Structures are given as structure tokens and as C-alpha cells.
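Please find below a set of comments on this model, arranged by topic. They are meant to be read with the coordinates open.

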Amino acid sequence: MVEKESKKKWNFEGNFHGEQKTASPPITVRGILYMIMRSLNKDDDRPIIPLGHGDPSAFPCFRTSAAAEDAVVDALRSARYNSYSPTVGILPARRAIAGYLSHDLPYNLSPDDVYLTVGCSNAIEVIIEALARPGANILIPRPGFPYYDVRAACSNLEVRHYDLLPDKGWEVDLEAVEALSDENTVAMVIINPGNPCGNVHSPQHLEKIAEKARKLGILVIADEVYEQITFGSTNFVPMAAFAATVPVITLGSISKRWIVPGWRLGWLVTCDPTATLKNSGLNERITACLEVTTDPATFVQAAIPQILEKTKEEFYSNIIAILRRCADICFDRLQEIPCITCPSKPEGSMFLMVKLNLELLDDIGDDMEFCIKLAEEESVVVLPGVAVGMKNWLRVTFACDHSCLEDGLGRMKAFYQRHAKKH
């Protein structure tokens, strides 16, 4: 006789529901946004305004380049790239990426320095796992990209957060970096151009970061997925320009500059002109980690040389012009909302961070409640700052059609007016 299911004991359960409730579900941007979207009012006939995530590919003005589309079609129709990929990626793609990144460096990268990944997220997974060892820790910016925290937890790598300074254009608090570091610190992460802050680090500040990391004996993981997406007074300079001072691991992808996050093609690059990384054995460890993960689609890898060679400058400049206009609109309109403070105008990426003044609002206790009620009442989705490490702040994306952006920010202003404290 089959035992009743309600009485049967099974030896498994979800990781976050055991008797020892020491772990909590990880905070991810996607998870927080999905939770907020469950609050959307299905009876609201207005379009949903997505100001919470950095994927503008749904908007026609952000369509990728014709050269990129043609490259993928050509690779697919050639029938030469239906096979598995080598662990590190196919050579033509790695060679093309090495050449592309070397344009801004005082030395040349080799194809052997380039490892292809399934988007930049997979590159994060690989480098975190490659660096993890018992007792080790890593320094991560706050606010930052929470995927680093999640992946570090999976690899039992301790996370220590250093602050970015809003009153100094979101520069790295280098004194905090030194105070947090010890003999078990393996690396520090910088995200430049900045997600979630929209800042771009100057060459002078990057040099100071390199010198500090060298003093501490740690490498720098440079998350440059938004590389070249700048539209302010500070031009993008890759961290790898300072790799003679400190070894640098550069993470990137085609997701943002070409507006194709769904193509899932990224890279991890060892920028190591002094052979420090090679001599440490980290290169072999990276390859070993890649051997137990999945590969990016081979035909997308095969399209990379053509994408990098044939995308016209007109495409890049058009995307930058759209983002510059939208950043201006976003900054100006948000300043019309009394409960929101913008520390600085964004100069790059697709986001800015703004501070909430809850004292000006009735019946709203924190940033999460603000975002849930905003979605429910106005069908506008914004990311609460707690998701990126700053409670009672908001991360707002301006990477969308300008009319959609204007509509969404107008609804945010109406939301404030409805919830403003009456004096």
C-alpha cells in the first residue's frame, strides 16, 4: 500500500527553508523587479513604463546595427558553426575581441588573454569561482550590481562592501578599501561606466585605484559591460590601461553597446603585461572553471569578427545621442519631484541613483514600499535602492524611448503629489 504523501518524509528541501534559517533568498535585480511587477494593476489600461532594468532592446530607436544582424545571419547560414565550441571560445572571435580592446591600451592583448562567456553574468560567475578559496574575501562596491554578492555566496567567498561617494561623483572610497582589506583579500571590483550610478571614473581616479590595489596586493576586476557608453565630460578609459601597475581582469559583452542582451555573448580578459596572473596559475583556474560551465552559442561567437569590423560609427553615435537626450530628460524631470534628490547628472551607462526623502511622503515607509505602490497606482516600474545596497534610494533607467520616459516621469510626479504630506 502506497504511503500517504502528507506523511511521507523526503530527504530534500529548498535551500532557504531548512530548520537552520541562516540563509535568506538572494537579492537579485530580476527577482526584485518581478516581485514589484506582481503589484501592477491589471485594470490600468495605460502602458507599463519599464524604468527598472537596463534592456532597451524592445524600443525601435534602440535596434541593434544592421551589421550585427547580418553577421549572425551569415554565420548561421554558413552551416559551419553548428558544433560545440572550444572551452575558451573559437579563435576568430577571441582574436577579434583582443584587437578591439587593444585599441585603447598601451600594449596589445593576445587571443590567449580572451575567454568567451555566456554574457557578462557568466564571466562574473567564472572569475568569482576561480578566485574563491577557504577564508578569502572580495571587495565589492556599494551601491553595486548584486549578482556579485549572489555568486560570491555560491562560491563561499566572503563579500566586503566599500562605498561609492555620491558627493564626489560616485568615486571609490579608497580609504575604506584599505581599511576593509587584509591578507585574505583577493580582489576588488569596479564597475565603470557605473551601474547603478551612471558615473564614469576619470583616468586620474583609475590610476589611484590601481596604485591602491597594488599596495594591497590584490587584482582589480573591471566590469566594463557599459564600455564606451558615455555622453558627459568624462571619456571612458579602460582599467586595463593601468595593468602595468596592477593585474586587471576585464569583463564585458556585446549586450549593452550593441543592445543585444539576449544574444548572451560576453568575455573575460586577463590584462597582464607583467605576467603576474599567468605566474599565479589563475589563467589555468579560469579555464578549469569554464570547462564545467556552458558555452555561448557557436554561431554568435562566429559573428563577432564581422560585428566588430563592420558596425559603423554612425550606429554608435546615434545610440549615444539618444542616451544623452534621455539622460537629460530624466535628470531634469526628476528634479521637479520634491521627494527625490539627484546627487549628480549621469555621464554614462543607462542609470542614475536618486535619494528618497520619506519625510515628505505620507504612508510610505521605505524605498520598497514606494516602488510597489508606484507600480500599483501608476504602472511605472523602478528599482528600489535596497536591491543595489542603498536603502531608501532608487535606481532609475533612462534607456527607453523619450516619450515613454517623459510619460513615466510624469506619472512619478503625479504619484508624489498624491502621497505628499499635507502641511
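The points that follow take up the open and enclosed spaces, the core, and several local backbone features.

1. The model is a predicted one, and every remark here should be read in that light. The largest pocket has a volume of about 910 Å³, and among the 31 residues that line this pocket, Val29, Arg30, Ser121, Phe145 and Lys256 are the closest to its centre.

2. Which helix gives the most to the lining of the largest pocket? It is α1, with five residues, while both α1 (29-37) and α4 (119-131) supply at least two residues each. The lining of this pocket is made up of 17 nonpolar, eight polar and six charged residues.

3. The model also has an enclosed space, since one cavity of 30 Å³ or more is counted, and about 70 Å³ of space lies in the largest cavity. Its lining consists of Pro141, Pro143, Gly144, Tyr162, Leu164, Val172, Ile190, Ile191, Gly194, Asn195, Asn199 and His201, with at least two residues supplied by β4 and at least two by β6. By class, seven of the lining residues of the largest cavity are nonpolar and five are polar, with no charged residues.

4. Two of the residues that line the largest cavity, Pro143 and Asn195, take part in cis peptide bonds, and both bonds merit inspection. The bond from arginine 142 to proline 143 is cis with omega near 0°, and proline 143 is placed in the loop between β3 and α5. The bond that joins asparagine 195 and proline 196 is likewise cis, with omega about 25°, and proline 196 belongs to the loop between β6 and α7.

5. Asparagine 195 deserves a closer look. Is asparagine 195, in the loop between β6 (185-191) and α7 (203-216), buried or exposed? Asparagine 195 counts as buried because its relative accessibility is 9%, which is under the 20% cut-off. Its side chain makes a polar contact of 3.0 Å with the side chain of arginine 395. Beyond its neighbours within four places in sequence, asparagine 195 is in contact with Gly144, Phe145, Tyr226, Phe351 and Arg395; of these, Phe145 is also among the residues closest to the centre of the largest pocket, and Gly144 is among those lining the largest cavity.

6. Helix α5 (residues 147-154) has Tyr147, Tyr148, Val150 and Ala152 as its buried residues. These buried residues pack against one helix and several strands, namely α4, β3 (137-142), β4 (158-165), β6, β7 (219-223) and β8 (248-253). After α5 comes asparagine 156, which has a positive phi near 55°.

7. The largest nonpolar core holds 147 residues, and Met188, Met239, Leu334, Phe370 and Met412 are those with the most contacts inside it. Helix α11 (residues 313-334) gives the most to this core, with twelve residues. What does methionine 412 contact, leaving aside its neighbours within four places in sequence? The list is Leu51, Leu334, Ile337, Ile340, Phe370, Leu374, Val380, Val382 and Leu394, and it includes Leu334 and Phe370, which are themselves named among the residues with the most contacts inside the core.

8. Two further non-glycine residues with positive phi should be checked in the backbone. Tryptophan 170 has a phi of about 65° and is found in the loop between β4 and β5 (171-172), where tryptophan 170 is buried, with a relative accessible area of 1%. Arginine 264 has a positive phi of about 55° and lies in the loop between β8 and β9 (266-271), but at 30% relative accessibility arginine 264 counts as partly exposed.

9. The last point concerns a charged residue in a helix. Arginine 94 lies in helix α3 (residues 91-102) and counts as buried because its relative accessibility is 10%, which is under the 20% cut-off. Not counting residues up to four places away in sequence, arginine 94 touches Val88, Gly89, Pro111, Asp112, Val114 and Leu116.

Terms used:
Residues are numbered from 1 along each chain as its sequence is written. This is a predicted model: local features need pLDDT of at least 70, side-chain atom pairs count only at pLDDT 80 or more; totals for chains, interfaces and linings use all residues. Side-chain values use heavy atoms; hydrogens and water are left out. On a 1 Å grid over the protein atoms alone, a cavity is a set of points where a 1.4 Å probe fits but cannot get out, and a pocket is an open set with protein on both sides within 12 Å along at least five of seven lines; lining residues have an atom within 4 Å of a point. Grid points are joined across faces, edges and corners, and a volume is the space filled by probe spheres set on the points. Helices (H or I, at least four residues) and strands (E, at least two) are DSSP runs, numbered from the N terminus. Ala, Val, Leu, Ile, Met, Phe, Trp, Tyr, Cys and Pro count as nonpolar, Asp, Glu, Lys and Arg as charged, and the others, Gly among them, as polar. A nonpolar core is a set of buried Ala, Val, Leu, Ile, Met, Phe, Trp, Tyr and Cys residues joined through side-chain atoms within 4.5 Å. Buried means under 20% relative accessible area, exposed over 50%, partly exposed in between (1.4 Å probe, protein chains only). Contact means heavy atoms within 4.5 Å. A polar contact is a pair of N or O atoms within 3.5 Å; within protein, one must be able to donate a hydrogen and the other to accept it, and residues adjacent in sequence count only if both atoms are side-chain atoms.
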